[in-house]
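Visitor: I have a model open and some questions about how the chain is put together. Can you take me through them one by one?
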Amino acid sequence: MNIKIISVGKLKEKYLKLGIEEFTKRLSKYCSLEIIEVDDEKAPENLSDKEMIMIKDKEGDKILSKIKDNTYVIALAIDGKMLSSEDLAEKLEDLAITGKSNIAFVIGGSLGLSYAVLKRADYKLSFSKMTFPHQMMKLILLEQIYRAYRIIKGEPYHK
């Protein structure tokens, strides 16, 4: 399976980089993984609704340029469906069985995802009703993908 993580913004925090490197290494035995970071747009404080939409649209265009037509897109969105780790494992396994071997998980910037990205998404996934820093979500997502593969393979993993 080919998995892309497409996210807005460059990762700066060393502790997050180390965690991402660790899970990237662990995942290498289960799938082909590519992490793509697109530049975020500068967003000053006190933006109007129209300005927020414009910024999300610009970031969305960059995200969409990284997605091929044959890719199954899972957008991380607060209003998406919440899954257990076992449910995520089942979802990934079902995608593999049905021949959907190119998957892109999309993480928006601090303002979220554009309408165009959400429209392109085949599935919207929520990790919580809480808001997490988008850079931290990349690490959380990678850990859950790793956990899903361990579940699929019947390998032990801390519960």
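Visitor: How many bridges join β1 to β2?
Guide: This is a predicted model. In it, β1 and β2 run parallel. One bridge partner of a β1 residue is Glu37 in β2, which pairs with Ser7. The number of bridges joining β1 to β2 is seven.

Visitor: What is the handedness of the unit made by β1, helix α1 and β2?
Guide: Helix α1 covers residues 14–27. Together with β1 and β2 it makes a β-α-β unit. The unit is right-handed.

Visitor: Which residue in β4 stands opposite Lys4?
Guide: Strand β1 spans residues 2–8, and β4 spans residues 102–107. The two run parallel and are joined by six bridges. Opposite Lys4 stands Ala104.

Visitor: What is the strand order of the open sheet?
Guide: The sheet has five strands with parallel pairing. β2 (32–38) and β5 (123–126) each have a single partner strand, so they stand at the edges, and one side of each lacks a neighbour in the sheet. From one strand to the next, the twist averages 30 degrees. The order is β2-β1-β4-β3-β5.

Visitor: What angle does the direction of helix α5 make with that of β1?
Guide: Helix α5 takes in residues 134–152 and packs on the sheet. It touches β1, β2, β3 (72–82) and β4. Its direction and that of β1 make an angle of about 165 degrees.

Visitor: Which residue forms a salt bridge with Glu37?
Guide: The closest N and O atoms of this pair are 2.8 Å apart. Glu37 sits in strand β2, and its partner sits in helix α5, 101 residues apart. The partner is Lys138.

Visitor: Is Lys138 buried or exposed?
Guide: Buried means under 20% relative accessible area. Lys138 has a relative accessible area of 2%. Its partner Glu37 has 26% and is partly exposed. With its 2%, Lys138 is buried.

Visitor: How many salt bridges does the structure hold?
Guide: The pair of Glu37 and Lys138 is a salt bridge. Salt bridges that share partners also join Glu22, Lys25 and Arg26 into one network. The count for the structure is nine.

Visitor: Where is Glu41, the salt-bridge partner of Lys62?
Guide: The side chains of Lys62 and Glu41 meet at 2.6 Å, N to O. Lys62 is partly exposed at 26% relative accessible area, and Glu41 is partly exposed at 23%. Lys62 lies in helix α2, 21 residues apart from its partner. Glu41 is in the loop between β2 and α2.

Visitor: Which side chain of opposite charge is nearest to Glu59?
Guide: Glu59 has its place in helix α2 (residues 49–64). It is buried yet has no salt bridge. A salt bridge needs nitrogen and oxygen within 4 Å, and the nearest side chain of opposite charge is 6.5 Å away. That side chain is Lys62.

Visitor: Which residues are in contact with Glu59, leaving aside its neighbours within four places in sequence?
Guide: Glu59 is part of helix α2. One of its contacts is Glu41, which also meets Lys62 in a salt bridge. The contacts are Val8, Asp39, Asp40, Glu41, Gly109 and Gly112.

Visitor: Which strands does the salt bridge of Lys124 and Asp79 tie together?
Guide: The two side chains meet at 3.3 Å, N to O. Lys124 is partly exposed at 30% relative accessibility, whereas Asp79 is exposed at 56%. The residues are 45 apart in sequence. Lys124 lies in one strand and Asp79 in another, so the pair ties together β5 and β3.

Visitor: How far apart in space are Thr71 and Ala121, C-alpha to C-alpha?
Guide: Thr71 is in the loop between α2 and β3. Thr71 counts as buried, at 10% relative accessibility. Its contacts beyond four places in sequence include Arg120 and Asp122. Thr71 and Ala121 are 50 residues apart in sequence, but their distance in space is 9.6 Å.

Visitor: What is the phi of Asn46?
Guide: Asn46 lies in the loop between β2 and α2. It is exposed, with a relative accessible area of 77%. Its phi is positive, in a residue other than glycine. The value is near 60 degrees.

Definitions and conventions: Residues numbered from 1 in each chain as written. Predicted model: local features only at pLDDT ≥ 70, side-chain atom pairs only at ≥ 80, totals over all residues. Heavy atoms only, no water. Pairing = 2+ DSSP bridges. Helix = DSSP H or I, 4+ residues; strand = E, 2+ residues; numbered from the N terminus. Axes fitted to C-alpha atoms, helices over the stretch in contact; angles between N-to-C directions. Contact = heavy atoms within 4.5 Å. Buried < 20%, exposed > 50% of the residue type's maximum accessible area, 1.4 Å probe, protein only. Lys, Arg positive; Asp, Glu negative; His and termini not counted. Right-handed = clockwise from strand over helix to strand, strands pointing away.
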